[in-house]
Amino acid sequence: MEQTPQTLPRGSWTFSNETNAEIRRAAATGIYDIRGGGAKRRVPHFDDLLFLGASISRYPLEGYREKCETSVVLGARFAKKPIELKIPITIAGMSFGSLSGPAKEALGRGATMAGTSTTTGDGGMTEEERGHSRTLVYQYLPSRYGMNPDDLRRADAIEIVIGQGAKPGGGGMLLGQKITERVAGMRDLPVGIDQRSACRHPDWTGPDDLEIKILELREITGWEKPIYVKIGGARPYYDTALAVKAGADVVVLDGMQGGTAATQDVFIEHVGQPTLACIRPAVQALQDLGMHRQVQLIVSGGIRTGADVAKALALGADAVSIGTAALVALGDNDPKWEAEYQKLGTTAGAYDDWHEGRDPAGITTQDPELMKRFDPIDAGRRLRNYLSVLTLECQTIARACGKSHVHNLEPEDLCALTIEAAAMAQVPLAGTNWIPGRNGL
Amino acid sequence: MKTAELADAEPETSGVQTIDMARTELRQVNATLQAQNAAANQRKWTIENPRGSHAMAVGLDAPIEVTVKGSTGYYCAGMNKQATVHVEGSAGPGLAENMMSGTVIVEGDASQYAGATGHGGLLVIKGNASSRCGISMKGIDIVVHGNVGHMSAFMAQKGNLVVLGDAGDALGDSLYEARLFVRGSVKSLGADCIEKEMRPEHLEILKSLLERAGAAARPEEFRRYGSARKLYNFHVDHAGEY
């Protein structure tokens, strides 16, 4: 007997399995989800842009013969000792505490071999990182954990952190299980308690105060160090303009795909703007002030390939910064630890509970046994290799566009695959000369 | 006047070297003071006509004495180490911020965030201190002869805050291990801040601080406040506390 055709079970787009699982988890625990990393949702990104390459009117450079420069100077506006890097790709600030000491060492090793800088994070400067970093940027954060004038003077540049892309307007929380005696000692707090990183600076508010704060830091360091100001991707035009007005040498702009050690998932996914949407307003602010290329712009948040680097530079950045990708290069989320990721209820590539300190790869942990799995020398070499590949890829594209320096890449070299990306990047939609929003169209 | 000229100048008969900010740029003033070290002969400095300058006498790292003849702007004596800085007027926001060691004394009042994030040393304010005095302090000792404003000792981690007068709203909000001593009234306590028993060891600490700060008060007149330590580890049931 023939069966009556049945309606197939149909899941809801709105109430997906993932959404329902989160509702059940919230109902069971009463606590929001905290995780590391940046926004995981699909947002317009560099993947939505393409380079046009050479043509009759644009001739390319020979790939294996003609030079394509990659060096960048950061902080020449006011600092007596600007930073000179061989490549326009820096390592973003990541804290000791969130990362192990050997992981910080590996970042320093890799960056130094590649000819670029690394950056401290909340929790102060470690000897591992200072000792292995030729060029080290010292973050000046709201918590001021570990802040002292000696380290300020040992740094090569100072980065005042106003916000970060994963959580513009948010602070942080390093959970007690990662607070060893060493971490606690550097932060002047007891072992084992949750350590709150404040969301705003304790001794200034607003751009006028920031100008005076920058003056103080310059006076303490003899006007030698470049002063960076790091902003989250919230209001990139105005924040960039205000940072320049306050006296920044360099603006670091972090979009919502930029990672964090730990914050509420709802914050990461719902506050801030995509990196792609932030770059052109920031560049516009610099241009409006006559400061483009005078105050350098470093863009971070979702940089993975040399193509991403090239696209950010073409849109007007002077350099990019990588965090999450650098951790992956060190060995984070490596499938070789899949069995252990499974035990933690996750899988390689999706592990983001960095705050819990149980990282199988031994990177985002303070557990001595897990840390033994991590070899900072080998990891540093991998990071160096990865940075080399990013640079080579970027050069490959730049040469194809006929550029003898990667900074010569420009918006005119790009088109967009979607209307959204075209509007954000202010480049034409592929196959048209239409830039959404330009001239009121 | 160039820095070298300042450093090489003959000391006055009093043994005090004088810098006049009406004629000397801030950079030269700070560079001169920062160039001093423990071996320097010139230990006493006077700064005249400060005219509310910001970032004055910052980043010092020598056992010298600096007297400022007037009021200062933001961040006077910021990140001080070893030096004694004496302001004979009032001080703007961020006085002695992130001080590591040494002594800073202000004869008048201090604006917001005095002693913010200080790691060590002694800060004495003989007048009143505005809001957020001792915010996020990490080991500094602060003695305020007058009153302190709201949110003082917010997220204070270590050290001692002594207030001879009254404290404003939300004293010690989200406090960690800093000790707070108040002689007058407290308008309100912040989240997780409670009054605690004054034990003999606290009276000893207080006695020493009052003596060092030249404060005419008896330790027995004070009440002690500290952290209830309920917010040290996040728990959803405490979410309503803040």
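I count two residues as in contact if their C-beta atoms, placed from the backbone, lie within 7 Å.

**Ground rules.** I am working from a predicted model, where local features need pLDDT of at least 70, side-chain atom pairs count only at pLDDT 80 or more, and totals for chains, interfaces and linings use all residues. Residues are numbered from 1 along each chain as its sequence is written, while chains are lettered from A and ligands numbered from 1 in the order in which they are written.

**Where the chains meet.** I looked up the A–B contact and found 24 residues of chain A touching 35 residues of chain B. On the chain A side, helix H6 (residues 206-220) gives the most, with 5 residues. My helices (H or I, at least four residues) and strands (E, at least two) are DSSP runs, numbered from the N terminus. The side of chain A that touches chain B divides into 13 nonpolar, 4 polar and 7 charged residues. For these classes, Ala, Val, Leu, Ile, Met, Phe, Trp, Tyr, Cys and Pro count as nonpolar, Asp, Glu, Lys and Arg as charged, and the others, Gly among them, as polar.

**Chain A overall.** I noted 15 helices and 16 strands in chain A. Its radius of gyration is 22 Å, close to the 22 Å that the globule rule gives for 441 residues, so chain A is as compact as a globular protein of that length. The radius is taken over C-alpha atoms, and the rule is 2.2 Å times the number of residues to the power 0.38. The C-alpha trace of chain A spans about 70 × 70 × 45 Å along its principal axes.

**Chain B overall.** Here I found 3 helices and 11 strands. In sequence order the pattern of chain B is α-β-α-β-β-β-β-β-β-β-β-β-α-β. Its radius of gyration of 19 Å agrees with the value near 18 Å for a compact globule of 242 residues. Along its principal axes, the C-alpha trace of chain B spans about 65 × 35 × 30 Å.

**H6 on H7.** Back in chain A, I followed H6(A) to helix H7 (residues 236-246): their axes come within 8 Å and cross at roughly 40°. Axes are lines fitted to C-alpha atoms, for helices over the stretch in contact, and angles run from 0 to 180 degrees between N-to-C directions. That angle makes H6(A) oblique to H7(A). Angles under 35 degrees count as roughly parallel, over 145 as roughly antiparallel, 65 to 115 as roughly perpendicular and the rest as oblique. The contact involves A:Pro207, A:Leu210, A:Glu211 and A:Ile214 of H6(A), with A:Leu242, A:Lys245 and A:Ala246 of H7(A). By class I get 5 nonpolar, no polar and 2 charged residues.

**H7 on H9.** What is the angle at which H7(A) and helix H9 (residues 275-288) of chain A cross? The answer is roughly 40°, with the axes coming within 7 Å. The contact residues include A:Tyr237 and A:Val244 of H7(A), and A:Cys278 and A:Leu286 of H9(A). This contact has 9 nonpolar, 2 polar and no charged residues.

**H10 on H14.** I found helix H10 (residues 306-314) of chain A packing on H14(A) at about 55°, with the axes 7 Å apart. H10(A) is thereby oblique to H14(A). The contact divides into 9 nonpolar, 3 polar and 1 charged residues.

**H14 itself.** Helix H14 (residues 376-400) of chain A has 25 residues and reaches 36 Å from first C-alpha to last, close to the 36 Å expected at 1.5 Å a residue. The expected span is 1.5 Å times one less than the number of residues. Just after H14(A), I spotted A:Gly402 with a positive phi of about 80°.
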